[in-house]
Amino acid sequence: MAQILDGLKVSKEIKEEIKNDVQKILASGKRAPHLVAILVGNNGASETYVRSKISDCAEVGFKSSLVRFSATASEAELIEKIQELNVDPEVDGFIVQLPLPKQMDQEKVIMAINSHKDVDGFHPENFGRMALEMSTFLPATPFGILTLLERYNIETKGKNCVIIGRSKIVGRPMSILMGRKDFPGNATVTVTHSYTPHIEEFTKNADIVITALGDPLFLKADMIKEGAVIVDVGITRVEDDSKKGYHLEGDVDFESCAQKASWITPVPGGVGPMTRAMLLKNTILAYKHSIYKD
């Protein structure tokens, strides 16, 4: 039976470390780190996620602010606010919650963010620095996965790592980070996606499988080898007859894969809490201006 890569436990440890750091900052007479979230429209999942980020900030002692725009707001209005936050010395980092309404160009909006305040790690400058193995903000979910592997001392050097999914937010950056000259890293990385035929031919030979597909229960036990490390980034609402009307499923058939894997992340309680913790980590790095030290 696999051991659990407990993202809930590790994220609590990280938040406690950040909280202690903030207490020292405040004791020295300095202001608290300040994170701003911009929310456009009233997407239910986005609302929930932003509320959780505000709650996380309160937990560690950050100042947080929420800027709301209606779903009909113009791209120009949003970019004007971004430019205002870019030059505000009291704002250390900010995020624009995605997805955006159709009238807004997501790439143009991300490009407008000051890369030194881009705590989501989506700006091309930060992505490029990551690819060049320079100090930068790492996208929160890949950063969370790396930290989880590091805290559990999962060996990655020389290992066969298969990533399912090639999104700009998870799959692509994860492939770069797992191949970097560091720990975790130094793996031999294969990226698979929706056009890859017979994905199981790759996953059966993988020491580490990281799946970010959004396809519930896609990865079955017969697709992995004995002792593999399984990281499940997927999280999908599946309708059921419960009071809530749904439950959450990952990309991995947990029950079957846990019988063969050596380590596995649960859903929920695995990668999700780590993503939130890493946003806080990036914010305190921005506050300390240490991220562009090289």
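Q: How many bridges join S8 to strand S11, and which way do the two strands run?
A: This is a predicted model, so everything here is read from predicted coordinates. Strand S11 covers residues 263-264, and Val-229 of S8 stands opposite Trp-263 there. The two strands run parallel, and the number of bridges joining them is two.

Q: What is the bridge partner of Thr-211 in S8?
A: S8 also pairs with strand S7, residues 208-211. Four bridges join S7 and S8, and they run parallel. Within S8, the partner of Thr-211 is Asp-232.

Q: Which residues of strand S8 point the opposite way from Ile-230 and Asp-232?
A: S8 spans residues 229-232, and all of them are buried. Ile-230 and Asp-232 point to one side. Pointing the other way are Val-229 and Val-231.

Q: Which helix gives the largest share of the largest nonpolar core?
A: In soluble globular proteins, nonpolar side chains tend to be buried together. Here the largest nonpolar core has 48 residues, and those touching the most other members are Leu-5, Ile-18, Phe-62, Ile-145, Met-178, Ile-210 and Val-231. The largest share of this core is nine residues, and they come from helix H10.

Q: How many residues are in the second, separate core?
A: Leu-78, Ile-82, Leu-85 and Leu-100 are included in this second core. It is separate from the core already described, and its residue count is 20.

Q: Which residues does Phe-62 touch, not counting residues up to four places away in sequence?
A: Phe-62 is one of the core residues that touch the most other members. One of its contacts, Cys-57, is buried at a relative accessible area of 1%. The full list for Phe-62 is Ile-18, Val-22, Pro-33, Cys-57, Leu-280, Thr-283 and Ile-284.

Q: Why is the sulfur of Cys-257 too far from the closest cysteine sulfur for a bond?
A: Cys-257 itself is buried, at 0% relative accessibility. A disulfide needs two cysteine sulfur atoms within 2.5 Å, and the structure holds zero disulfides. For Cys-257 the closest cysteine sulfur is in Cys-161, and that is too far because the distance is 15 Å.

Q: Is Glu-47 buried or exposed?
A: Glu-47 is found in helix H2, residues 44-60. Beyond its neighbours within four places in sequence, it is in contact with Leu-39, Gly-41, Asn-42 and Arg-68. Buried means under 20% relative accessible area; Glu-47 has 14%, so it counts as buried.

Q: Where is Pro-268 placed?
A: The peptide bond from Val-267 to Pro-268 is cis, with omega near -5°. Another cis bond runs from Leu-98 to Pro-99, with omega near 5°, and Pro-99 is in the loop between strand S4 and helix H4. As for Pro-268, its place is the loop between S11 and H10.

Q: What is the relative accessible area of His-198?
A: His-198 lies in the loop between S6 and helix H8. Its phi is near 55°, a positive value in a residue other than glycine. His-198 is partly exposed, and its relative accessible area is 48%.

Q: What is the radius of gyration of the protein chain?
A: The chain comes to ten helices and eleven strands. The globule rule gives 19 Å for 294 residues, and the chain's value is close to that, so it is as compact as a globular protein of that length. The radius of gyration of the chain is 19 Å.

Definitions and conventions
Residues numbered from 1 in each chain as written. Predicted model: local features only at pLDDT ≥ 70, side-chain atom pairs only at ≥ 80, totals over all residues. Heavy atoms only, no water. Buried < 20%, exposed > 50% of the residue type's maximum accessible area, 1.4 Å probe, protein only. Pairing = 2+ DSSP bridges. Contact = heavy atoms within 4.5 Å. Core = buried A, V, L, I, M, F, W, Y, C linked by side-chain atoms within 4.5 Å. Rg over C-alpha atoms; globule rule 2.2 N^0.38 Å.
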